[in-house]
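Grab your viewer and work through the exercises below. Each one has a task and then a solution in steps.

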Amino acid sequence: MQTSPLGFLRIKVIALPTLDIERAHTFYRDTLSLAPAFEGDTHVGYFLGQTILMLKTNWYAPPTDKLNPRITIATEHAPDTEKALRERGVSIPDPVQPYDDFYVGSFLDSEGNKLWFCSPVKK
């Protein structure tokens, strides 16, 4: 797989807000027949191809018919991606930090949209 100079690999996660997590699980598991996705032992959502549809409760943005998912890009090594983005003058509102088994950070695109990026923590 050819990667970008910033280490971008693919869309890893699209986070979706939920008001009723059990209803959401029933929809994605039973109605759509999607396979469950786990990070470690935690059930975080459902696979759509290689992309995880992550269900978020008590999120900053409630469900709406307007587009508001959070998109997370998988990278080769998030700390290196952050460094390369900074060198290009890209705004980093959330510097990379380890969360469980992943490095996670965010950047703003030219329009102010926040895009998240992550990579596994190498042990």
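Helices (H or I, at least four residues) and strands (E, at least two) are DSSP runs, numbered from the N terminus. Keep in mind that this is a predicted model, where local features need pLDDT of at least 70 and side-chain atom pairs count only at pLDDT 80 or more, while totals for chains, interfaces and linings use all residues. Residues are numbered from 1 along each chain as its sequence is written, and side-chain values use heavy atoms, with hydrogens and water left out.

**Exercise 1. Place Pro120 and find what Pro120 touches.**

Step 1: look up the element. Pro120 sits in strand β8, which covers residues 114–120.

Step 2: check accessibility. Buried means under 20% relative accessible area, exposed over 50%, and partly exposed in between (1.4 Å probe, protein chains only). Pro120 comes out at 44%, so partly exposed is the label.

Step 3: list the contacts (heavy atoms within 4.5 Å). Not counting residues up to four places away in sequence, Pro120 touches Asp101, Phe102 and Tyr103.

Step 4: get a backbone distance. Pro120 and Phe102 are 18 residues apart along the chain, yet their C-alpha atoms are separated by 4.3 Å.

**Exercise 2. Where are Ser33 and Asp100, and what is the sign of phi in Ser33 and Asp100?**

Step 1: recall the background. Most residues other than glycine have a negative phi.

Step 2: take Ser33. Its phi is near 55°, a positive value in a residue other than glycine. Ser33 belongs to the loop between α1 (21–31) and β2 (36–39), and with a relative accessible area of 59% Ser33 is exposed.

Step 3: take Asp100. Here too phi is near 55°, which is positive, and the residue is not glycine. Asp100 is in the loop between β6 (94–99) and β7 (102–108). Its relative accessible area is 77%, so Asp100 is exposed.

**Exercise 3. Sort out the aromatic rings.**

Step 1: set the criteria. Rings of Phe, Tyr and Trp (its six-membered ring) pair if their centres lie within 6.5 Å; planes under 30 degrees apart count as stacked, over 60 as edge-to-face and the rest as tilted.

Step 2: count. The structure holds five aromatic pairs. One of them joins Phe27 and Tyr28, edge-to-face, at 5.1 Å centre to centre with 90° between the planes.

Step 3: compare exposure within that pair. Phe27 is partly exposed at 39%, whereas Tyr28 is buried at 16%.

Step 4: look for a cluster. Phe8, Phe107 and Phe117 are linked into one by ring pairs.

Step 5: add the charge. A charge sits over a ring if NZ of Lys or CZ of Arg is within 6 Å of the ring centre and within 35 degrees of the ring normal. Arg70 lies over the face of Trp116, at 5.4 Å from the ring centre.

**Exercise 4. Describe the largest pocket: its volume and its lining.**

Step 1: define the thing. On a 1 Å grid over the protein atoms alone, a pocket is an open set of points where a 1.4 Å probe fits, with protein on both sides within 12 Å along at least five of seven lines; lining residues have an atom within 4 Å of a point. Grid points are joined across faces, edges and corners, and a volume is the space filled by probe spheres set on the points.

Step 2: read off the volume, about 540 Å³.

Step 3: inspect the lining. There are 22 residues in it, and Glu39, Met54, Tyr99, Phe102 and Val104 lie nearest the centre. β6 gives the most, with four residues.

Step 4: classify. Ala, Val, Leu, Ile, Met, Phe, Trp, Tyr, Cys and Pro count as nonpolar, Asp, Glu, Lys and Arg as charged, and the others, Gly among them, as polar. The lining divides into nine nonpolar, five polar and eight charged.

**Exercise 5. Do likewise for the second largest pocket, then zoom in on Thr18.**

Step 1: the volume is about 160 Å³.

Step 2: the lining includes Thr18, Phe27, Tyr28, Leu55 and Pro63. α1 gives the most, with four residues.

Step 3: by class, the lining has eight nonpolar, one polar and two charged residues.

Step 4: Thr18 is found in β1, and at 11% relative accessibility Thr18 counts as buried. Leaving aside neighbours within four places in sequence, its contacts are Ala24, Leu55, Lys56, Thr57, Asn58 and Pro63.
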